[in-house]
Amino acid sequence: MWITEDEARRRYESGEAFSAIGSSVARHESPLQRWTFTVGASGNVRVAFFDRHGTHRRTIDYRAVDGMLWRRATIDLDYPDGERHYHRVRSTRRRKARFEPDGHVRVEITDKTVDPGTRDVFTNDDMTIPSFWMTRPNFGHWDELTDPEFGAAPTT
């Protein structure tokens, strides 16, 4: 069900769940040009990024903590190429990273390009990074929230 911008604003400001879609085509430095995000009633936010073909490439989960957002998890998906649309199940590699404010990080890499597929897990307990915190944006000011590169230059 589509809702109006006024209804989305009301929901955002009152802490109710809603979803949005958008495009950052002007963001020429990143191939991840389209995004969706969902704000849950808890204030947590999930942002999904898509390439020009509509292939789901990255997901970022933010956890609401005391009026701020903590970048809790990222999932990056690789595919055979970037020349057409792929469904998520066709990804060849998945990198899932989970970050905790206490400095614990867990990274799991699943690689289907080798036979049989491999899964590697890495952990670290002292990786507190202040840039993982974000001020909860005002409604409509989604630039930082929908930046797939977190303000850093992209790596290709």
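## Strands around β5 and β6

Strand β5 (residues 68-78) and strand β6 (residues 93-99) lie antiparallel to each other, with six bridges pairing them. This is a predicted model, so to speak a computed picture of the chain. At one of the spots where β5 meets β6, Asp78 has Arg93 as its bridge partner.

Carry on along the chain and β6 picks up another neighbour. Seven bridges tie β6 to strand β7 (residues 105-111), again in the antiparallel sense. Here Phe99 is bridged to Val105 of β7. The two strands make a hairpin with five residues between them, and Gly103, sitting in that turn, has a positive phi of about 100 degrees.

Now back to β5 and its other partners. Strand β4 (residues 56-65) pairs with β5 through eight bridges, antiparallel once more. Within that pairing, Ile60 is opposite Thr74. β4 and β5 also form a hairpin, this one with two residues between the strands, and Asp66 there has a positive phi near 50 degrees. β5 also pairs with strand β9 (residues 133-135), antiparallel over three bridges, and Leu69 finds its bridge partner in Met134 of β9.

Here are the pairings side by side:

| Strands | Sense | Bridges |
|---|---|---|
| β5 and β6 | antiparallel | six bridges |
| β6 and β7 | antiparallel | seven bridges |
| β4 and β5 | antiparallel | eight bridges |
| β5 and β9 | antiparallel | three bridges |

How much of β5 is buried? Eight of its eleven residues are, so the strand is mostly covered, with buried taken as under 20% relative accessible area. Across the protein chain, 37% of the 156 residues count as buried.

Zooming out, the protein chain has one helix and nine strands. The helix comes at the N-terminal end of the order, and the strands follow it. Among contacts with a separation of 6 or more, 35% link residues 24 or more positions apart.

What about overall size? The C-alpha trace spans about 50 × 40 × 30 Å along its principal axes. The radius of gyration is 16 Å, which agrees with the value near 15 Å that a compact globule of 156 residues would have.

Finally, the surface and the charges. The accessible surface of the protein chain is about 9,500 Å², and carbon and sulfur atoms supply 50% of that. The chain carries 24 positive and 25 negative charges, and the mean positions of the two sets are 5 Å apart.

Conventions: Residues are numbered from 1 along each chain as its sequence is written. This is a predicted model: local features need pLDDT of at least 70, side-chain atom pairs count only at pLDDT 80 or more; totals for chains, interfaces and linings use all residues. Side-chain values use heavy atoms; hydrogens and water are left out. Two strands pair if DSSP finds at least two bridges between them. Helices (H or I, at least four residues) and strands (E, at least two) are DSSP runs, numbered from the N terminus. The radius of gyration is taken over C-alpha atoms; the globule rule is 2.2 Å times the number of residues to the power 0.38. Buried means under 20% relative accessible area, exposed over 50%, partly exposed in between (1.4 Å probe, protein chains only). Contact means heavy atoms within 4.5 Å. Accessible areas come from the Shrake-Rupley method with a 1.4 Å probe; for residues, only the protein chains shown count as cover. Lys and Arg count as positive and Asp and Glu as negative; His and the chain ends are not counted. The place of a charge is taken as NZ of Lys, CZ of Arg, CG of Asp or CD of Glu.
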